[in-house]
Amino acid sequence: MNNKTLFSFLTLILILFNYSISTTGLIWTQTGILISNDGQTNDDFGQSVSMSENYAVIGSPKSQVGNNTEQGKVYLFQNNGSNWVQYLTLTASDGNSSDNFGFSVQISQDENYIIVGAFAAKVGSNYYQGKTYIFQNNGTNWIEKQILTASDGNVGDFFGYSIGISQDDNYIIVGAYAAQVGNYSEQGKAYIFQNNGTNWIEKQILTASDGNSSNRFGWSVGISQSNYAIIGAPFANVVNSSEQGKSYVFENNGTNWIENQILTASDGNSGDNFGYSVGISQDVDYLIVGSPYANVSDKFYQGKAYLFEMNGSNWIEQEILTASDGNAGDFFGLSVQISSNFSIIGAPYATANNNTYQGKAYIFQNNGSAWNDETILFSSDGQIGDYFGKSVNLYYSSFIVGASHANVNNNSFEGKSYVFTTSSSIPQVSIQSCVSLFSQFACYWNQIIGSNFDYQIYYDQQWISIQNPLLNNSIYSQLFNSSQYPNISGNVDYSIQIRACDSFMNVCGDASNPWNLTTRIDSVKNLSLSALLNSQISVSWDYPDVPLFNSTPKLDHYIISYQSNSSNQTQLSFPNSSKSAILTSNLLSNTNYSVSIWGCSNEECLNQNQGEIVSNSIFTLFGKVYNLSCSISNSINIECNWNQPSGSRIPTNYTFSYSSNDSNDSNSIQITTTSYNFTALIPNEEYTINVSACDSNLNCGDISTINIKTKLTKPNILYWNGGIQEFQINFSKIERNYGYLISIDNGNTWNHFDQINESGENVYGIKDNIPGNVLYTILISGCSESTCNISLLGPSSSSVSMIAKLGNIESLSCSSTETSIKCNWNGLLLSEGLKGYCFSCNSTTEFLNSNQTEFTQNNLKEGEVYLISVFASALDNCLASSYSGSPSYLAVLTAGNSVQTTSSSSSKAGVIAAAVIVPIVVIAIVIIAIVLIRKKKQPKYTSVDQPSQNKLLVSHDDKSEKFD
Ligand SMILES: *[C@@H]1O[C@H](CO)[C@@H](O)[C@H](O)[C@H]1NC(C)=O
Ligand SMILES: *[C@@H]1O[C@H](CO)[C@@H](O)[C@H](O)[C@H]1NC(C)=O
Ligand SMILES: *[C@@H]1O[C@H](CO)[C@@H](O)[C@H](O)[C@H]1NC(C)=O
Ligand SMILES: *[C@@H]1O[C@H](CO)[C@@H](O)[C@H](O)[C@H]1NC(C)=O
């Protein structure tokens, strides 16, 4: 059914069921005719009625239960929104015939309890003592909880003829009008029961302070939340007016109920039966007392009702209510009830629609100062003798009227009840507009003039009060969002209605026509950004408020937009199921970007289809540092420098890390400078060096990388020595080399390379006849590759300088005459360092030029032995030089005969002792000279450890052929 049809249908109901005549602004509608599903003739269904928001409770005291005639039942009807549906039937667990269970009923307004009077029930052996039953609502069912009886009950008390329960469920009052008090039969009593949480305890027995026989105190009762009880004694005499009637007000002072006031009618007369019915409002202090036998002018038994109001300390008769269309014998006031807004009064014997005794009910509305807005209710299907109005009750703006003698089909006096509600004449609100504001919406509607109305909104299965809307030029506005109104979120279709309500009366006007809108997609949740390397940005988020994909319109896709101060906007689209993205394009390093995301409900993401935007900003990471360069100093010391990266932020730190193939020589540190030096542990090793710029949170940017190889360490020369046309060095082993490169320089040019492969401590010597008396500089360094090249020599080489000795004279031979000795020998080459020869004959020494290899010593004595020695001199004289060659010796006899000589060193055995002394002296001199020279050279090599012992000379024959 669409809204328009629904509206027409409701209008039809209003026309069909408008069985009321109203002088008020309210519209009264009969919304239900309640009939029991198992009714029988004479049930008196409707003898008593009560109602709450969801239930109507109807007493049917003459109903048969099983074989028990007139045991009585109570029918519970439930309001399902549009209809009253019979829901449960309550009966007494201990019921008997003629109990009249249901003669009186009352439901507590919070729907926790139903109390049912059975005034004719037998208690023990006491006939008609009476009982009252308490049923409790357990949520799904109503359970008989307790059976109340009077502690002092007697035969024929009629306990339960009238009953009442306070709205706060604290007290129950039960009338027993026929109870004897002292010697006064039927003076009547009322019993107060108090709820202690689990049980109802008889708390007090109320009697009239001025009671007398047959007053029938307790014929009618009522009790309020505000601690007042009212008890009617309709047959009490007032001074000389017999059976004029009285009503008694008792007040609970906290511990006791105290008789507070005795009410009588200001215009009462004999036989009025004031107090035949009583009613009390729960919250505001109003009392109503029916006086159905009162005459109105000359109309006998037309009936009256008296309205009393508490003026602070006293109950004041405020109004005497009569029917505007009353007639004799109507018995207006036979039943009454009152709330703070309405009173309802039954006139069950009134003629309606020309039907005698069909009955009427009258509603008087409290307009604040008076109760004179009258509405007359009558039943839609009334017949003669229905007694519509035999019982009445109300709940806010809903009213129930019992017609206990109505015929149902062929069952006479089975009884019916009728429910009326007022849909009110509060005008309908019209919505000017409602607009979606992403996950919330705002509405504008017209003000209803006339009263202080509240407004309610309907968008999600229920009406919700609108708190403090803004009023501007007769237009109200209000923003509705989930912080104050439940279930408002983005991307949802709403059908919104607004109505005005009079909360005091609990009535509302008709709902506005619906305004349909779809809220725009909500903002995504938990947007989070993080910067990645290569200037990328990672975005993650959670879905916006549900519903997402199943609703109409659904979330179609997301848009992410980003830009920096200086760049254009980039927009990208992502599928609706995504919760993360990585932004890669058009991004600069070290730049602040504002990133926004929103959902779209349509392919085209414009206007209403565009969801709420959430933004955040982030700096991209630093880019690479500029000009990273590293150099090697001293084999394994690495020195690196760089410049800060571009962008607006200056790095707080740099992460400097290096690594080699050996994980032990890897490290990563934070520094603040743009240079860093470190000593690597591994020679001849490739190191990878990474540098990145970082912010104060150690978010580090792109990594600049450089590779650099360390050099070999220097082999330390431990010992060296120049020999005869040869030298020797030994040196410490170094790591990670492919052998060693030896370079020997004897002047301006390198003239010897020798690649050697040795393990352990290395000794190197050259034994070939290199020129003596030449300053040689020997460099040794490791080879970092298998082919070793001079160009690799550098800081990682060690050098030492030495001079080799001259060689010895070979083949010295002499011939003699009587007075001369002539010697010759094989000379050395100039290139071998020769400066000349020293020829000694005994103590006479001659320096000879280098081209002389022959010398004749004259003027000798005949027949003497002369010791001849010749050595190659490294000097221009014959002072002993450590670099000069070793002498060759020969002993020669002057005799005229030539003497064949042998080599000097092997022929000494045959030489006289004096001749042997000379070479010893010469050797001693040489040794001293060597020591002196060494001492002179030492400061140049202070870093070299001298071994304690000289090593043996070892020739390196396999390389010697390379000697130039
Ligand atoms: C009612 O009375 C009839 C006839 O006496 C009997 O058969 C039946 O069992 C009774 N039913 C109950 C519920 O007592
Ligand atoms: C209410 O009472 C009925 C009948 O005794 C029982 O079946 C049901 O479980 C009760 N519900 C609760 C909520 O106690
Ligand atoms: C209520 O009264 C009953 C009966 O006297 C008693 O057993 C129960 O303990 C009382 N409960 C409380 C909460 O006082
Ligand atoms: C209530 O009234 C009784 C009886 O008059 C009295 O004894 C009691 O003190 C009163 N309690 C209070 C709280 O006033």
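# A walk through two sheets, a loop and a strand

Start by selecting Met51 and Ala56: in strand S4, Ala56 is the bridge partner of Met51. Keep in mind along the way that this is a predicted model.

**First stop: the sheet around Met51.** Widen the selection to strand S3 (48-51) and strand S4 (residues 55-60). These two strands pair in the antiparallel sense, and 4 bridges join them. Now add S5 and S6, and you will have an open sheet of 4 strands, ordered S3-S4-S5-S6, with antiparallel pairing. Strand S3 and strand S6 (84-90) are at the edges; each has a single partner strand, so one side of each has no neighbour in the sheet. If you look across the strands, the twist from one to the next averages 20°.

**Second stop: Gln109.** Next, pick Gln109, which sits in the loop connecting strand S7 (101-107) with strand S8 (113-118). Is Gln109 buried, partly exposed or exposed? Gln109 is partly exposed: its relative accessible area is 23%, and the partly exposed class covers what lies between buried, under 20%, and exposed, over 50%.

Show the surroundings of Gln109 as sticks. Leaving aside residues up to four places away in sequence, Gln109 touches Met51, Ser52, Gln167, Gln282, Leu394 and Tyr395. Met51 is where you began, as the bridge partner of Ala56. For a distance label, try Gln109 and Ser50: they are 59 residues apart in sequence, while their C-alpha atoms are 9.6 Å apart in space.

**Third stop: the sheet reached through Tyr395.** From Gln109, follow the contact to Tyr395. Which residue stands opposite Tyr395 in S28? That residue is Ser398. Select strand S27 (388-395) together with strand S28 (residues 398-403), and you can trace 6 bridges between them in the antiparallel sense.

Extend the selection to S29 and S2 to see the open sheet of 4 strands, in the order S2-S29-S28-S27, again with antiparallel pairing. Its edge strands are S2 (28-34) and S27, each of which pairs on one side only. Here the twist averages 25° from one strand to the next.

**Last stop: Ser692.** Finally, jump to Ser692 in strand S51 (residues 686-694). Ser692 is buried, because its relative accessible area of 6% falls under the 20% cut-off. To see what surrounds Ser692, display Asn653, Tyr654, Thr655, Cys700, Gly701, Asp702 and Ile703; Ser692 touches each of these, with residues up to four places away in sequence not counted.

Notes. Residues numbered from 1 in each chain as written. Chains lettered and ligands numbered in written order. Predicted model: local features only at pLDDT ≥ 70, side-chain atom pairs only at ≥ 80, totals over all residues. Heavy atoms only, no water. Pairing = 2+ DSSP bridges. Axes fitted to C-alpha atoms, helices over the stretch in contact; angles between N-to-C directions. Buried < 20%, exposed > 50% of the residue type's maximum accessible area, 1.4 Å probe, protein only. Contact = heavy atoms within 4.5 Å.
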